[in-house]
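I sat down with this one to look up a few things and jot them here. The ligand site comes first, then some helix pairs and backbone oddities.

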Amino acid sequence: MKIEEYIAERLRNEGVRKVFGIPGGPSIPYMEAFRRAGIEFVLTGHEASAAVMADVTARLTGVTGVCHATFGPGAVNLASGVGGALLDRSPVIALTSELPDAWLGRTAQMNIDNQALFSPLTKATFRLSAENAAEVVNRSLELATEEYPGPVHIGLPSDLAGTEVFNSFFPGKEARGRSEEATVSSGATPGVIPGKAATDPGSGLSGKTLISGSGTMHGRAGVLIASARRPLIAVGLTAMRTGAGQTLVKFLVKHRVPVVVTPMARGVIPSDHPCFAGVLFHALSDRLGRLVKAADLVIGLGYDPVEYNFESWLPEVPLVHFDTRPSDIRIKGAIEIVSTPDRWFESLGPLMGSSEMTDLGEEVRKDIINGLYAKASGFNPVTALSVLREVLPAGTTVTADVGSHLHLLGQMWDVMSGRLLMTNGWSSMGFGLPAAIAAAMAGNGEPVVCITGDGGFVMHAGEILTARRHGLNLITVVLSDGELNLIRIKQSWKNVNPYGIRLCNGPLFGANSFLGAEVMRVTDAGEMHSALRKALRSGGCMIIEAVVDPSLYNDLVVRS
Ligand SMILES: Cc1ncc(C[n+]2csc(CCOP(=O)(O)OP(=O)(O)O)c2C)c(N)n1
């Protein structure tokens with residue numbers, strides 16, 4: 001079996017149906033092998049989008065996402081999205097073309113050291129050979145999904161395609177010509193850079209206790225939980241990703257404890273759940289301070305600190321933190337318990353009562369929601385999002401970009417039965433549109449809407465063509481304020497006049513179509529209603545430019 005055939009078949013067996021990317025010459029045999037194996041190669045406008053699409057495909061399908069780029073410049077572009085898969089914890093295999101062995105280290109057009117490039121951006125990076133192919137591909141697929149999930153890079157020497165793979169091992173199937181050497185070992189294999197995933201970032205940090213793999217409660221943690229009268233639960237990305245929300249909701253029936261969430265865990269419990277208090281870090285989250293200060297214990301449930309470190313908001317209260325892997329939090333006296341989500345609740349259940357603060361949690365949530373609407377006048381981002389929530393069906397998938405609008409969306413958006421997808425670990429502008437494309441490709445016909453600022457939109461605007469070519473039903477709502485608003489706000493905190501943030505004066509598009517997609521420019525709530533209804537009715541790739549007054553953001557974005 002040839003290398004490219006092996007990779008294609010192995011990915012296909014894993015459930016992969018799409019590879020996103022932009023090819024170079026050496027990509028051709030791989031693309032052909034993918035095609036023959038029933039894996040579609042999805043051409044994107046930019047490689048960073050391809051990596052975002054692989055990330056979001058993995059989030060939505062549960063199958064590792066795959067992206068591909070050519071030598072140096074392609075690989076560098078791809079790297080920006082691969083970093084997203086690392087810090088947003090998404091299993092992705094990134095394949096890039098590399099120089100043949102004989103050329104390594106020499107001057108060559110388009111080439112840099114891809115292994116060095118991907119080293120800080122991935123859980124592991126490998127260089128493929130005929131000898132190690134089976135071992136590398138299988139180990140990469142395992143590594144990508146191990147907690148926390150993340151990206152693995154595989155470099156494909158450009159003269160490798162066409163060579164026979166030494167042993168085409170397929171896990172779970174009768175091994176074909178499998179030799180003993182094919183088993184994955186922890187030692188270094190020639191040509192393979194061993195995975196870096198096994199290190200414990202928490203080891204060696206002073207003053208914190210780490211308990212691993214236990215369902216029984218550690219003594220001090222048990223005492224803290226059993227004696228807490230005003231516990232507060234903080235839920236994060238791990239809980240969201242592992243689907244712990246349903247168990248949490250059941251848990252809260254008996255244990256009435258207020259819950260705060262990180263932005264990426266928005267929707268882990270319903271917005272109107274009496275225990276839901278609000279979203280940390282996002283708009284008006286300073287109003288959660290009352291609740292946080294009153295707590296006598298904070299329980300982290302799958303709270304991945306990548307979005308918002310505990311240190312940034314936690315007052316001097318004890319912390320018991322459950323997650324699937326150790327973290328590097330440096331809070332004195334914190335107790336970390338590493339186990340599976342089911343075990344978190346098994347450990348807590350017998351010990352915990354209710355919180356005396358449940359009413360306060362609900363009060364704070366109402367305070368935040370009222371605060372969002374209090375000063376809204378004219379056509380502003382709160383009004384635009386209200387129209388969207390009113391008109392879009394409950395099952396809509398919304399993807400968000402990065403900026404002031406995300407701070408608002410994260411706090412305000414009622415996810416209902418749909419999804420809200422964002423990048424708050426990597427936090428890269430330009431995420432929203434490619435994420436929406438991947439969601440529309442992976443979806444079952446529910447509407448998909450990208451909500452983005454104008455700055456983030458222009459970064460990956462070329463992907464509108466990708467959406468159109470694939471005939472996707474996709475609505476892109478650009479909250480158009482002509483500037484990088486979040487940076488303007490941060491300048492104002494430093495008493496600096498707005499500078500280097502203006503994108504355009506007047507209309508963003510200046511036309512009623514962009515790359516063949518219809519553009520509807522709206523300047524009030526009524527027009528927005530009509531445009532949205534029209535977009536839902538007509539299907540296809542539609543853009544709504546919502547010309548909003550951004551001044552409201554000043555009162556809503558919280559100083560961080
Ligand atoms: C790739 C990237 N570059 C820069 C930033 C820093 N940054 C965060 S938000 C922001 C402004 C976003 O502006 P826009 O998309 O118009 O959204 P708005 O803030 O106006 O809602 C910038 C520059 C980033 N997060 N990602």
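Entry 1, the ligand shell. I sorted the residues around the ligand by type and got 6 nonpolar, 9 polar and 3 charged. I am working with a predicted model here, so I keep that in mind throughout, as local features are taken only where pLDDT is at least 70. The shell holds 18 residues, and the closest are Ser404, His405, Ser427, Asp454 and Gly456.

Entry 2, polar backbone atoms at the ligand. I went looking for backbone N or O atoms beside the ligand's oxygens. Glu483 has one that lies 3.0 Å from a ligand oxygen. For Asn485, I found a polar backbone atom 3.0 Å from an oxygen atom of the ligand. Leu486 also offers a polar backbone atom, at 3.0 Å from a ligand oxygen. I then checked how covered the ligand is: taken alone it exposes 580 Å², and the protein buries 78% of that.

Entry 3, where the shell comes from. Which elements give two or more residues to the shell? I noted helix H14 (404–412), helix H16 (454–459) and helix H18 (485–493). H16 supplies the largest share, with 4 residues.

Entry 4, Ser427 again. This residue, one of the closest to the ligand, caught my eye on the backbone side too. Its phi is near 60°, a positive value in a residue other than glycine. I placed Ser427 in the loop between strand S15 (419–421) and helix H15 (432–442).

Entry 5, a cis peptide. Where does the chain carry a cis bond near Tyr148? I found it in the peptide bond from Glu147 to Tyr148, with omega near -25°. Tyr148 sits in the loop between helix H6 (133–145) and strand S6 (151–157).

Entry 6, H3 and H4. I looked at how helix H3 (residues 47–61) packs with helix H4 (residues 72–87): the angle is about 30° and the axes are 7 Å apart. Angles under 35 degrees count as roughly parallel, so H3 is roughly parallel to H4. I logged their crossing as right-handed.

Entry 7, H13 and H19. What angle do these two make? The axes of helix H13 (residues 381–391) and helix H19 (residues 525–538) cross at roughly 40° and come within 10 Å. H13 and H19 are therefore oblique to each other. Their crossing is right-handed.

Methods: Residues numbered from 1 in each chain as written. Predicted model: local features only at pLDDT ≥ 70, side-chain atom pairs only at ≥ 80, totals over all residues. Heavy atoms only, no water. Near = heavy atom within 4 Å. Polar contact = N/O pair within 3.5 Å; in protein donor to acceptor, adjacent residues only side chain to side chain. Areas by Shrake-Rupley, 256 points an atom, 1.4 Å probe, with all protein chains shown as cover. Nonpolar A, V, L, I, M, F, W, Y, C, P; charged D, E, K, R; others polar. Axes fitted to C-alpha atoms, helices over the stretch in contact; angles between N-to-C directions. Parallel < 35°, antiparallel > 145°, perpendicular 65-115°, else oblique. Left-handed = near helix turned anticlockwise from the far one by under 90°.
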